[in-house]
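Me: I would like to learn how to read a structure model one feature at a time. Can we work through one together?

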Amino acid sequence: MFAFILRRLAQAVVVMISVALIAFMLFQYVGDPVVFLLGQDATPQQIRELRTDLGLDQPFFVQFWHFLVNAAQGEFGLSLRQGAKVSRLIAERFPATLELSLVAAVMALVVGIPMGVYAALKRGTLISQLFMTVSLLGVSLPTFLIGILLILVFAVNLGWFPSFGRGEVTQIGWWTTGLLNATGWHHIVLPAVTLAIFQLTLIMRLVRAEMLEVLRTDYIKFARARGLTNRAVHFGHALKNTLVPVMTITGLQLGGLIAFAIITETVFQWPGMGLLFIQAVTFADIPVMAAYLCLIALIFVVINLVVDLLYFAVDPRLRVEKAGGH
């Protein structure tokens, strides 16, 4: 296990250095930060002095090393658009994105797993066919269209939910959350459903496929031959083994929810990192774009590491293979 963790950590370090290099290249080839800071009317001497102050006159690898050191400390300089520290902007927006992603992930799991189990155990029934049809729509429809339709129906026509914003939030130290009051929950419903629909349908179809595969295995036939009830076979044996690959996919999808919440946050004007990134792209705010890229990569790397460790701990076949030298 220790050697396994060391290998995964080494891979994570290589990935993060590669992503940091890509983020650093944004500073080199996407606009000139000196021009952004000083404006078009700056004199050549002002430009030279600022380049020296920022260390932009140093060799490429020296600049990249300084960038790595600062990035490891969470420092990416000042936002070219807002003039504030990028780390502060990210810290202000990250709670909203994480909150939205976690609610969407829980919603996808709580609804998707039972739907997948039902679709596998009740194949051919009307409700099972309805679930499969809905899953095709969820996979096919783009996220922004789902969000607009939900706004049109539940915010404009019915007036049940607000169409934008995060609502009232509670401050807990530097963290903010809207889940401690009714207004926050009222605001998060539509964006969370929009973000969860694709993940829900993916989990449902995966659980159904894995459940059907497990039900055809020999040990399930042996369990039935022992006289176990359908409930014990389905939920005590089949579902438990079905959830092993689902756990892997779910972990990766959580990273995807955080990374790709951009569209949902834009449609609902949710004040998270995705909306901040869109604004940064619009105004070519390179420090914010680089920070967002590095943070998302770090989230994926951490989630991948945790999922690998959980998979290694849950599936005994991996430990047997490692012990046998295969």
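Me: Which residues are buried in helix H12?

Reply: The model is predicted, and burial is read from relative accessible area, where under 20% counts as buried. In H12, which covers residues 273–282, the buried residues are Met 273, Gly 274, Leu 275, Leu 276, Phe 277 and Ala 280. After H12 comes Ala 284, with a positive phi near 55 degrees.

Me: What part of the whole protein is buried?

Reply: Of the 326 residues, 39% are buried. The protein exposes about 17800 Å², and 68% of that area comes from carbon and sulfur atoms.

Me: How many helices and strands does the protein have?

Reply: There are 14 helices and 2 strands. For contacts, look at how far apart the partners are in sequence. Among contacts between residues at least 6 apart, 70% join residues at least 24 apart.

Me: Which residues does UniProt list for "transmembrane region"?

Reply: The unreviewed UniProt entry gives residues 12–30, 102–121, 133–156, 188–207, 243–270 and 290–314. Such annotations may be inferred rather than shown by experiment. An annotated span can then be set against the model. Residues 102–121 are 100% helix and 0% strand, with the end C-alpha atoms 29 Å apart. Residues 188–207 are also 100% helix and 0% strand, and there the end C-alpha atoms are 27 Å apart.

Me: Take a single residue, Ser 101. Is Ser 101 buried or exposed?

Reply: Ser 101 has a relative accessible area of 0%, so this residue counts as buried. Ser 101 belongs to helix H5, residues 86–121. To see what surrounds a residue, leave out its sequence neighbours. Not counting residues up to four places away, Ser 101 touches Leu 195, Leu 254, Leu 257 and Ile 258.

Me: Glu 92 is also in H5. How does Glu 92 count by relative accessibility?

Reply: Glu 92 is partly exposed because its relative accessibility is 41%, and the partly exposed class lies between the 20% and 50% cut-offs. A C-alpha distance can also link remote parts of a chain. Glu 92 and Thr 176 are 84 residues apart along the chain, yet their C-alpha atoms are separated by 8.1 Å.

Me: Now the empty spaces. How many cavities of 30 Å³ or more are there?

Reply: A cavity is a space where the probe fits but cannot get out. The count is 1 cavity of 30 Å³ or more. The largest cavity has a volume of about 50 Å³. Its lining consists of Ala 105, Leu 109, Gln 199, Ile 203, Thr 250, Gln 253, Leu 254 and Leu 257. Two or more of the lining residues come from each of H5, helix H8 (182–215) and helix H10 (230–259). H10 gives the largest share, 4 residues. By class, the lining has 5 nonpolar, 3 polar and no charged residues.

Me: What is the volume of the second largest pocket?

Reply: A pocket, unlike a cavity, is an open set of points. The second largest pocket has a volume of about 380 Å³. It is lined by 15 residues, and the closest to its centre are Met 16, Ala 71, Ala 72, Phe 76 and Cys 294. At least two lining residues come from each of helix H1 (2–29), helix H4 (60–72), H5 and helix H13 (286–314). The lining of this pocket divides into 13 nonpolar, 2 polar and no charged residues.

Methods:
Residues are numbered from 1 along each chain as its sequence is written. This is a predicted model: local features need pLDDT of at least 70, side-chain atom pairs count only at pLDDT 80 or more; totals for chains, interfaces and linings use all residues. Side-chain values use heavy atoms; hydrogens and water are left out. Buried means under 20% relative accessible area, exposed over 50%, partly exposed in between (1.4 Å probe, protein chains only). Contact means heavy atoms within 4.5 Å. On a 1 Å grid over the protein atoms alone, a cavity is a set of points where a 1.4 Å probe fits but cannot get out, and a pocket is an open set with protein on both sides within 12 Å along at least five of seven lines; lining residues have an atom within 4 Å of a point. Grid points are joined across faces, edges and corners, and a volume is the space filled by probe spheres set on the points. Ala, Val, Leu, Ile, Met, Phe, Trp, Tyr, Cys and Pro count as nonpolar, Asp, Glu, Lys and Arg as charged, and the others, Gly among them, as polar. Accessible areas come from the Shrake-Rupley method with a 1.4 Å probe; for residues, only the protein chains shown count as cover.
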